[in-house]
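Here's a walk through one protein model, from its sheet to its cores and cysteines. Have the viewer open as you read.

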Amino acid sequence: MGVPSDDVVLIHQGKNPGEPYIVTVNCPDKTGLGCDICRIILDFGLYISKGDISTDGIWCYIVLWVVPHSSSVKVKWSNLKNRLQSECPSCLPTFYFNQPSTSSLPSPVYLLKFFCIDRRGLLNDVTQVLCELELTIQRVKVTTTPDDRVFDLFFVSDSFMSLMFIVSHCRDLLHTKDRQDETLEQLHVVLGESCITCELQLAGPEYERHQGISSLSPVVAEELFRCELSDREIHSQALSPDMTKLKNANVTVDNSLSLAHTLLQIHCADHKGLLYDIMRTLKDCSIQITYGRLSPSTKGYRDLDLFIQQIGGKKILDLEKQDALCSHLKAEMLHPLRVIIASRGPDTELLVANPVELSGNGRPQVFYDVTLALKSLGICIFSAEIRRHSASDREWEVYSFLLDESCSKFQLSNMVARNQIVDRVRRTLMGW
């Protein structure tokens, strides 16, 4: 009693090399379960090639075919299974079945701080280690000194958990000496002899001081959080043939095929985290999915059929609600991440923003993808931070990077060069 059943989540490898892994989730349903599962899949660096979702409102059955986004992704399948099980109501022991899920409780935040000699790609290498350790990056403050040394503050929480986490009422293991030693050892491997100090401890009041974004001017905020793409973004996207596909997103509503459900049909360009973007939008709009099918990508496009209901089991008959839902979905698929470059005094600042779920969860892997794109361009990061910002009646996660022009092959004041940087960052984030 109290131990999750192995039948709740099953992961099978494809019969032939290169075929997708099949992830099956079979458990009692809960609001937003599909969104939570897709977020975890994205967090593990996996791409959903196709999927089926079915629920009667009480029991849910989900099958996803997944593959790593790149050959560099090292998937710990047993950890993925544990993480997925932690989101399933059936993982709760009988005694706690009607209690609030422990997965909704916030994990303690820890402060990882290190001081070392700076080098190109350092921030991405550290971020990769934290991702492989399944540490969720909550906030970051990175500062480079005039003598080419870097002082980094990472506020992290632990996603790793044991199968008995519910019984012990402890989601994470970062409070244990073994987990802390493992984290510090892995960081020392990537930092090497350049490391001067490296410490890990429970975060104190300094975490609260890093909650809000600083120095975000009204002009920059307006461009970053606008609902539609700006003229400058449309121009920069012309550099990438893939970006033109985004204009062809189509969302339609049909109430003629089912007496009890509204059929939502989506045709859009494929991108990394597409199913997550759709699921989080429906979750935030309090829409329940009874049946859904995500078809494989065809020439870079995906088709998704969803039979949905409002909370309370009603179809969406109101035309204004239909239009609002379609517009909201289309906006999230066209513009899931905002990327701009702005001048901050004499410095060049790269800003990336993504909406935060109403539950408070941010999008996985964003910091890693941005630092990877900048590393591939040979651009050094002078300073970086992650903050939260409220705009357009919602909360955003904002990533700010001051770029170091002294070690860059780009003339950062040149508009063409800036567009190339924005294009590479956006393509990496979108998985193109």
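What follows is a short tour of a predicted model.

## The eight-stranded sheet

Start with the sheet. Eight strands make up an open sheet, and they line up in the order β8-β5-β7-β6-β15-β16-β14-β13 with antiparallel pairing. The two edges are β8 (195-202) and β13 (338-344), each of which pairs on one side only. Ignoring direction, neighbouring strands in this sheet are turned by 25° against each other on average. As a reminder, strands of a sheet pair through backbone hydrogen bonds, in either a parallel or an antiparallel sense.

There's also a helix to look for here. Helix α5 (residues 177-191) lies across β5, β6, β7 and β8, and it runs at about 155° to β8.

## Strand β7 and its neighbours

Strand β7 (residues 149-158) is worth a closer look: eight of its ten residues are buried, leaving the strand mostly covered. On one pairing, β7 goes antiparallel with β5 (residues 110-117) over eight bridges; here L112 has F154 of β7 as its bridge partner. On another, β7 pairs with β6 (residues 135-144), again in the antiparallel sense, over nine bridges. In that pairing, I137 is matched with V156 of β7.

β6 and β7 form a hairpin with four residues between the strands, and D148 takes a positive phi near 60° there. β6 also runs antiparallel to strand β15 (residues 380-391), joined by four bridges. For a landmark on that pairing, K141 has E385 of β15 as its bridge partner.

## Two nonpolar cores

Which residues touch the most other members of the largest nonpolar core? Out of 50 residues in that core, they are F154, L350, F367, L374, F401, I421 and V425. F154 is the one we just met in β7, as the bridge partner of L112. The largest share of the core, six residues, comes from helix α11 (residues 415-430).

F401 is a good place to zoom in. Leaving out residues up to four places away in sequence, F401 touches T348, E349, L350, F367, V370, T371, L374, I381, S383 and A384. There's a second, separate core too: it has 48 residues, including Y21, I48, W77 and V251. More broadly, nonpolar side chains tend to be buried together in soluble globular proteins.

## An enclosed helix

Now turn to helix α8 (residues 274-284). Why call this helix largely enclosed by the rest of the structure? Because ten of its eleven residues are buried. The buried set is L274, L275, Y276, D277, I278, M279, R280, T281, L282 and D284, so charged names such as D277 and R280 are on the list along with the leucines. Just after α8, S286 takes a positive phi of about 60°.

## Cysteines without a bond

How many disulfides does a search of the whole structure find? Zero. C38 is in none, and the nearest cysteine sulfur, in C35, is 7.2 Å away. With 4% relative accessibility, C38 counts as buried.

C60 tells a similar story. Its closest cysteine sulfur belongs to C27, at 5.7 Å, which is too far for a bond, given that a disulfide needs the two sulfur atoms within 2.5 Å. C60 is also counted as buried, at 4% relative accessibility.

Conventions
Residues are numbered from 1 along each chain as its sequence is written. This is a predicted model: local features need pLDDT of at least 70, side-chain atom pairs count only at pLDDT 80 or more; totals for chains, interfaces and linings use all residues. Side-chain values use heavy atoms; hydrogens and water are left out. Buried means under 20% relative accessible area, exposed over 50%, partly exposed in between (1.4 Å probe, protein chains only). A nonpolar core is a set of buried Ala, Val, Leu, Ile, Met, Phe, Trp, Tyr and Cys residues joined through side-chain atoms within 4.5 Å. Contact means heavy atoms within 4.5 Å. Two strands pair if DSSP finds at least two bridges between them. Axes are lines fitted to C-alpha atoms, for helices over the stretch in contact, and angles run from 0 to 180 degrees between N-to-C directions.
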